[in-house]
Amino acid sequence: MEHELASLQSQLKVFVDTFGLDMRYLTVVRGYLFRQLNNPNIVTWIHENRAEYLREFEKISESKLEAGEDSHEIKNFGDPDPGLRSAGTMGDAVR
C-alpha cells in the first residue's frame with residue numbers, strides 16, 4: 001500500500017510539473033490561431049480547402065483554458081490592437 005501511494009505521489013508530481021508548461025503551449029497556440037484567423041486571406045483559403053477545420057480552429061482560438069480567466073483577456077491574447085477585431089465570428093467573411 002505504501003509503495004502504491006509513493007508511486008501515485010510521484011505520478012502526481014510529474015503531472016503538476018508538466019501542467020503549467022502544457023497550459024503555456026496551449027495559450028501560445030490559441031493566440032497564434034486567433035491571429036491567423038483574423039487574416040481574411042487565410043480564412044478564405046481554409047474555407048475553400050479545409051472547410052471542416054475552420055470551425056474547429058475558431059473554437060480553439062475563442063476558448064478559455066482556465067475557468068478563472070477573463071474572456072476579454074483570452075480573446076485579445078497577442079493582439080496588439082483589440083479594436084481591429086471585427087464584429088461577429090472570424091469566418092463570417094467567407095460564409
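This report describes the helices, burial, salt bridges and surface of one predicted protein model.

**Overall make-up**

The chain holds four helices and zero strands. Read from the N terminus, its elements follow the order α-α-α-α. The chain has 95 residues, and 20% of them count as buried. Contacts between residues with a separation of 6 or more are mainly long in sequence terms: 70% of them join residues 24 or more positions apart. The chain exposes about 7,100 Å². Carbon and sulfur atoms supply 59% of that exposed area.

**Helix H3**

Helix H3 covers residues 51-62, which is 12 residues. From the first C-alpha of H3 to the last, the distance is 18 Å, close to the 16 Å expected at 1.5 Å a residue. Which residues of H3 are buried? They are Leu-54, Glu-58 and Ser-61. Viewed down the axis of H3, these buried residues fall within an arc of 70°, so they line one face of the helix. The spacing of such positions has a general background: an α-helix has 3.6 residues a turn, so residues three or four places apart point the same way. The buried residues of H3 pack against two other helices, H1 (2-37) and H2 (40-49).

One of the buried residues, Glu-58, carries a carboxyl group and also takes part in a salt bridge. Its partner is Arg-55, and the closest N and O atoms of the pair are 2.8 Å apart. Arg-55 and Glu-58 are three residues apart in helix H3, a separation of about one helical turn. The two ends of this bridge differ in exposure: Glu-58 has 0% relative accessibility and counts as buried, whereas Arg-55 is partly exposed, with a relative accessible area of 36%. Glu-58 is placed in the buried class because its value lies under the 20% cut-off.

Helix H3 is also the place of Lys-59. The side chain of Lys-59 meets that of Glu-56 in a salt bridge, at 3.3 Å from N to O. Lys-59 and Glu-56 are likewise three residues apart in H3, or about one helical turn. Both residues are partly exposed: the relative accessible area is 44% for Lys-59 and 41% for Glu-56. Lys-59 can also be placed relative to Phe-34, from which it is 25 residues apart in sequence. In space, the C-alpha atoms of Lys-59 and Phe-34 are 9.8 Å apart.

**Salt bridges**

How many salt bridges does the chain have? The count comes to three. Besides the two pairs of H3, Lys-13 forms a salt bridge with Asp-17. Lys-13 and Asp-17 both lie in helix H1, four residues apart, which is about one turn of the helix. Lys-13 is exposed, with a relative accessible area of 52%. It falls in the exposed class because that value is over 50%. The table lists the pairs with their N to O distances.

| Basic residue | Acidic residue | N to O distance |
|---|---|---|
| Lys-13 | Asp-17 | 2.9 Å |
| Arg-55 | Glu-58 | 2.8 Å |
| Lys-59 | Glu-56 | 3.3 Å |

**Surface patch on the nonpolar side chains**

Which residues make the nonpolar surface patch? Leu-12, Phe-15, Val-16 and Phe-19 make it, and its area is about 410 Å². Leu-12, one of these four, is found in helix H1. Helix H1 is also the element that holds the salt bridge partners Lys-13 and Asp-17, and one of the helices against which the buried residues of H3 pack.

Methods
Residues are numbered from 1 along each chain as its sequence is written. This is a predicted model: local features need pLDDT of at least 70, side-chain atom pairs count only at pLDDT 80 or more; totals for chains, interfaces and linings use all residues. Side-chain values use heavy atoms; hydrogens and water are left out. The expected span of a helix is 1.5 Å times one less than its number of residues. Buried means under 20% relative accessible area, exposed over 50%, partly exposed in between (1.4 Å probe, protein chains only). The arc is that of the directions from the helix axis to the C-beta atoms. Contact means heavy atoms within 4.5 Å. Patches are made of residues with over 30% relative accessible area and no salt bridge: like charges are joined within 9 Å, nonpolar side chains (Val, Leu, Ile, Met, Phe, Trp, Tyr) within 5 Å. Accessible areas come from the Shrake-Rupley method with a 1.4 Å probe; for residues, only the protein chains shown count as cover. A salt bridge is a side-chain nitrogen of Lys or Arg within 4 Å of a carboxyl oxygen of Asp or Glu.
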